[in-house]
Amino acid sequence: MSEPAPRDRIDTLLAHIGRDPRMHSGFVNPAIHRGSTVVFETMAECIGAHDIDFKDGPYTYGLLGTPVERQLEEALATLDGGIGAIALGSGLAATTVSLMANLSAGDHLLMVDTCYWPTRKCCDDFLGRMGVETTYYDPMIGAGVEALFRENTRVLFMESPGSRTFEIQDVPAMTKVAARNGVNTVIDNTWATPINFRPIEHGVDLVIHALTKYVAGHSDVMLGAIVARDREHWDRIKATAMDLGHGCSPDDAWLGLRGLRSLGTRLRKQGESSLEIARWLEKRPEVECVLHPGISSCPGHDIYVRDFDGPSGLFSMVLKPVDEERLADMLEGLRFFSMGYSWGGYESLVLPFDPMENRTVTPWNREGRCLRISIGLEDPGDLIRDLEMGFKRLNNPSAG
Ligand SMILES: Cc1ncc(COP(=O)(O)O)c(C=O)c1O
């Protein structure tokens, strides 16, 4: 099993894990093998390839892994302290494979109410059709989730902080009660990445990363991964990915591995800028509240301080009620923030959203429009000035 990454050595690890120049004629970075077919020297090797473990033994077929994918997987497993990782074509594929690997018809799933909305859609539509029942729970429930366990509860799924509204969950308390009841635990750790939160250290069985976001970091690739705590969970996700025909492109895996090298530096800068901007926004008269785990008013801030090593660049704000046309003026005139659905790239983004579209059991009592902000690598002073000009347009339609 890989050792968990010691906190103070994470940047050193990022520069050295997942590469072996001896395998690639001395070149620092791995070569990309674009391939489906692997050929064998002997009949015994060829026939034996049938019994080889998916993504564990010698290379046998493109879908079952190429050298660069395996190096990315090894790097991610080392960072998270898991036994192994599996790279897939998107973060959503990582989520759905982790669910399907642990659920069968007649099973019960506990899903956090503030999950990424396509995760919710998969539970309501696909898993529902397959005979799995989902109960949504309040992200702040903590150990109280035990009261929702049933005989047939197989998975407790967490996403911390919550998608768009940033509630931090008490992961150690939840994994403790889940382990006591034999329930598998899965977490979407895309916001924190292994740089800022390592769920396996807190008892989680499977960790999901949408590598599309901070790990790739350049808004140019779709990629996901699951890291498994132990052999039993590892075997199950491998078998499910194989059954469903999931893998990832070696070019994309290469971009993910390249992104990892600078992840620590980028995330630190984006996290610091996001805190600076969130604190500035908190004082603006147009803003009702800021939802950033690093700010004390955010639900679960105390847990964030206890368990996380820092923030990333993604947070939200709730505006005081405002005319939609004025808001459009504000957003459409921004110079450095574009409107878009993703996050974690080098460029800043803003996304208007309605929290009630994605939650069913957790109340939301605020009236104003919400904006999700993804802070990129720009100078935070320039971003603040851009937002300041935006607020001028919000307050005064004739302002440029
Ligand atoms: C929290 C979270 N998890 C998972 C995903 C899915 O990642 P991908 O877009 O790579 O499928 C996203 C995408 O926005 C996300 O925000």
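**Close-up views of a two-domain chain**

**View 1. Leu314 and its partner across the strands.** Leu314 stands opposite Ser374 in β12. This pair comes from a predicted model, as do the other details in these legends. Strand β9 (residues 314-319) and strand β12 (residues 370-374) run antiparallel, and five bridges join them. Helix α9 (residues 250-282) packs on the sheet here, where it touches β8 and β9. The direction of helix α9 makes about 10° with that of β9.

**View 2. The sheet of five strands.** Let's step back to see the strands around that pair. Which order do the strands of this open sheet follow? Reading across, we meet β8-β9-β12-β11-β10, and the pairing is mixed. At the edges stand β8 (287-291) and β10 (338-339). Each of these two has a single partner strand, so one side of each is left without a neighbour in the sheet.

**View 3. The sheet of seven strands.** Here is another open sheet, built from seven strands in the order β1-β7-β6-β5-β4-β2-β3, with mixed pairing. Its edge strands are β1 (84-88) and β3 (133-137), each of which pairs on one side only. On average, neighbouring strands of this sheet are turned by 20° against each other, direction ignored. Now follow β1 to its partner: five bridges join β1 to strand β7 (residues 224-228), and the two run antiparallel. One residue to look for is Leu88, whose bridge partner in β7 is Gly224.

**View 4. Helix α8 and Thr240.** Helix α8 (residues 231-244) lies across β1, β5 (184-188), β6 (206-210) and β7, running at about 20° to β1. Thr240 lies in this helix. Is Thr240 buried or exposed? Its relative accessibility is 12%, and because buried means under 20%, Thr240 counts as buried. Leaving aside residues up to four places away in sequence, Thr240 touches Val97, Met100 and Ala101.

**View 5. Ser104 in its loop.** Ser104 is found in the loop between α4 (91-100) and β2 (108-112). With 45% relative accessibility, Ser104 counts as partly exposed, because that value falls between the 20% limit for buried and the 50% limit for exposed. Not counting residues up to four places away in sequence, Ser104 touches Gly131 and Val132. How many residues apart in sequence are Ser104 and Asp138? They are 34 residues apart, and 24 Å separate them in space, C-alpha to C-alpha.

**View 6. Leu72 and the nonpolar cores.** The largest nonpolar core has 87 residues, and Leu72, Leu99, Leu109, Met111, Leu156 and Leu260 touch the most other members. Both domain 1 (7-259) and domain 2 (263-395) contribute at least three residues to this core. A second, separate core has 25 residues, including Leu327, Ile373, Leu383 and Leu387. Now look at Leu72 itself: setting aside residues up to four places away in sequence, Leu72 touches Ala87, Leu211, Leu223, Ala253, Gly256, Leu257 and Leu260.

**View 7. Where the two domains meet.** The chain is divided into domain 1 (7-259) and domain 2 (263-395). Taken over C-alpha atoms, the domain centres are 27 Å apart. Domain 1 brings 39 residues to the contact, and domain 2 brings 42 residues. Between them, the domains bury about 3,600 Å², with 57% of it on carbon and sulfur atoms. Which residues of domain 1 lose the most area to domain 2? They are Arg164, Trp191 and Tyr214, which together account for 24% of what that side buries.

Technical notes: Residues are numbered from 1 along each chain as its sequence is written. This is a predicted model: local features need pLDDT of at least 70, side-chain atom pairs count only at pLDDT 80 or more; totals for chains, interfaces and linings use all residues. Side-chain values use heavy atoms; hydrogens and water are left out. Two strands pair if DSSP finds at least two bridges between them. Helices (H or I, at least four residues) and strands (E, at least two) are DSSP runs, numbered from the N terminus. Axes are lines fitted to C-alpha atoms, for helices over the stretch in contact, and angles run from 0 to 180 degrees between N-to-C directions. Contact means heavy atoms within 4.5 Å. Buried means under 20% relative accessible area, exposed over 50%, partly exposed in between (1.4 Å probe, protein chains only). A nonpolar core is a set of buried Ala, Val, Leu, Ile, Met, Phe, Trp, Tyr and Cys residues joined through side-chain atoms within 4.5 Å. Domain bounds come from an automatic or database domain assignment. Buried area is the accessible area (1.4 Å probe) that two parts lose on being put together, summed over both.
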